[in-house]
Every structure is written in C-alpha cells, then in structure tokens.
Amino acid sequence: MDNKNPRRQFFIQAAQAIAMTMMGGLVWSAFLKESRANPLILRPPGALEEKEFLKHCIKCGLCVEACPFDTLKLASAGSGKPIGTPYFIPREIPCEMCPDIPCVAICPTKALEPKLVQSDGIWEINKARMGVAIVDKEHCVAYWGIQCDACYRACPLMGEAIKLELKRNERTGKHSYLLPVVESEVCTGCGKCEKACVTQEAAIIVMPREVALGAVGTNYIKGWESQDEERLEDATLHQLRNSNKNLQEVQDYLNNGEL
C-alpha cells in the first residue's frame, strides 16, 4: 500500500524525522541543563576551578578507577551533576588523603593538576583544596554544651584544620563549651569530619570553597583610595543613635578581655 502512495509515505517519514529531532533536542537541552546544575559538587584533589575543570575533563573515568577506596564516582544522567565527571560525597565515603594521590597522577588532561598538590615535584596531599568544612552551629551538639570531638579526632590534620575552642558557659558559670572551629586556609575538604559527625544529618559539612567562603572582590570600599571614596558621593549617610554610648560599650567590651 505504501508503494502505491509515495506521497503519503513521504509525509509519514517527514513527521517521524521531525518528532525524532524534537525529542533529541529536548534530551540534549536536559543534558545541558543538568551539566550546569549542582554548584555544591565536590571534585577530587587537584581539580582546576570548576569552569576550567569542565573544559579539560574528558570524562574518561581513570581517576575513579585509580581511587583505592571507591571514594570517587562518575556522575550519571539524572544525578543533577555534569554527566561523566568525577565527584565524591563525604558523608558516604570521604577522601582518604592518599600520599601518592593516584587519582591526580593518572589524569591525562591535567583537569586534576599535579602542581596544585605538589611541593617541589613531591606529592603533598595536605595542599589539596577540595572544599572547606563548615560547622552548623545550630545543630552541632558541642554548641549545645554536650561534649563531642568526633570531627576533631577524625581530621587528618587534627589541631590544624579543626581546632577546639574553649568557651565559658555563661548560663551556668561552671561549665565550658569545647567548640570545633575550622581553619579554612588549612582544611583540605577531605570530608572525614563530615563522615564522623554523630548527628543524624551531619552538623559539619564540606562545601566547595567558592561557595562557602566570601570574597572581597571589587565591592569593598577602601578608604585610602580616592576612586573608592567617589562611590559614596550619592550615598545617604545616617548618624547612629547614641553613637558615643555605643562606642564606649564596644571599648569596654574589648578592654575587659572578653574576646
């Protein structure tokens, strides 16, 4: 019947081709959208800045295969992460801080850049900056007054990346808080602290550094530069009420050594 109706067959095939093209476009746009999703993804040690990393990573999976602890995963379709790229979830399997950093050594494109985790050509895992740990003070039991140092003891740079700060309990006047404090410039983002956290949902989590840490950038107004002062010309200035009193209270607070 089709041979007798070539015109009808042509329109059927054309409609099928259009439908396939539209479906392909929808699938591709979904992949593109997914590839730009999830800014909280954590990369392996030595990863370039995210945009550069995505340019260099060829999604070969060699770093995942090289990881001896199965920490690294390859993002799959539907994961909300750039498909085929390596990442890890600290709460499940943190980075074990391998001294020879095999995931970086095997990368063929330097999306994982050896120089970022080396000192004079020698592997130095402590230079890794996969992310930075952030303490959720609202849910950390140490901030409730319950003694807990699980994250501190789990940290491979104990006493350096995570320190315990002694603070007086003003409510009782008899007890002290022992509070975990993260040194962001030392923290490697390995996630061992997050894995060790005793709360149901970790009260210390590792986030990408560009998300977790602020940046001064160009918005900060430096009083010693005239061009920055010019930005204040149209600003409405308000005199603080009781400014002298407030200033005196601040000075008293500082002089009392309560910091």
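Biologist: Which accessibility class does Lys59 count as?
Modeller: Its relative accessibility comes out at 41%. Buried means under 20% relative accessible area, exposed means over 50%, and partly exposed is in between (1.4 Å probe, protein chains only). So Lys59 counts as partly exposed.

Biologist: What sort of model is this, and from which number does each chain's numbering start?
Modeller: It's a predicted model, where local features need pLDDT of at least 70 and side-chain atom pairs count only at pLDDT 80 or more, while totals for chains, interfaces and linings use all residues. Side-chain values use heavy atoms, with hydrogens and water left out, and residues are numbered along each chain, as its sequence is written, from 1.

Biologist: What's odd about the backbone at Lys59, and where does the residue sit?
Modeller: Lys59 isn't a glycine, yet its phi is positive, about 60 degrees. Helices here are DSSP runs (H or I, at least four residues), strands likewise (E, at least two), numbered from the N terminus. On that count, Lys59 is in the loop between helix 2 (50–56) and helix 3.

Biologist: Ile101 has a positive phi too; what is its relative accessible area?
Modeller: Its phi is about 40 degrees, and Ile101 isn't a glycine either. It lies in the loop between strand 2 (86–87) and helix 4. Ile101 is buried, because its relative accessible area is just 2%.

Biologist: Is Lys192 buried or exposed?
Modeller: Lys192 belongs to helix 6 (residues 192–196). Leaving out residues up to four places away in sequence, Lys192 touches Pro94, Cys95, Glu96, Ala154 and Pro156, contact meaning heavy atoms within 4.5 Å. With a relative accessible area of 18%, Lys192 is buried.

Biologist: And Lys73, how far is it from Tyr87, C-alpha to C-alpha?
Modeller: Lys73, in strand 1 (residues 73–74), is partly exposed at 30% relative accessible area. Beyond four places in sequence, it touches Val64, Thr85, Pro86, Tyr87, Ile89 and Glu92. Lys73 and Tyr87 are 14 residues apart in sequence, but their C-alpha distance is 5.5 Å.

Biologist: Which strand gives the most to the largest nonpolar core?
Modeller: Such a core is a set of buried Ala, Val, Leu, Ile, Met, Phe, Trp, Tyr and Cys residues joined through side-chain atoms within 4.5 Å. This one has 39 residues, and Leu72, Met130, Ala133, Ile162, Val182 and Ile204 touch the most other members. Helix 3 (62–66), helix 4 (102–105), strand 5 (132–135) and strand 8 each supply at least two residues of this core. With three residues, the top contributor is strand 5.

Biologist: How much space is in the second largest pocket?
Modeller: On a 1 Å grid over the protein atoms alone, with a 1.4 Å probe, a pocket is an open set of points with protein on both sides within 12 Å along at least five of seven lines, and lining residues have an atom within 4 Å of a point. Points are joined across faces, edges and corners, and the volume is the space filled by probe spheres set on them. There are 14 lining residues, with Leu40, Leu42, Pro90, Glu194 and Val206 nearest the centre. The space in this second largest pocket is about 220 Å³.

Biologist: Which strand supplies the largest share of that pocket's lining?
Modeller: The lining draws at least three residues from each of domain 1 (37–130) and domain 2 (131–236), with bounds from an automatic or database domain assignment. The largest share, three residues, comes from strand 8 (residues 204–207).
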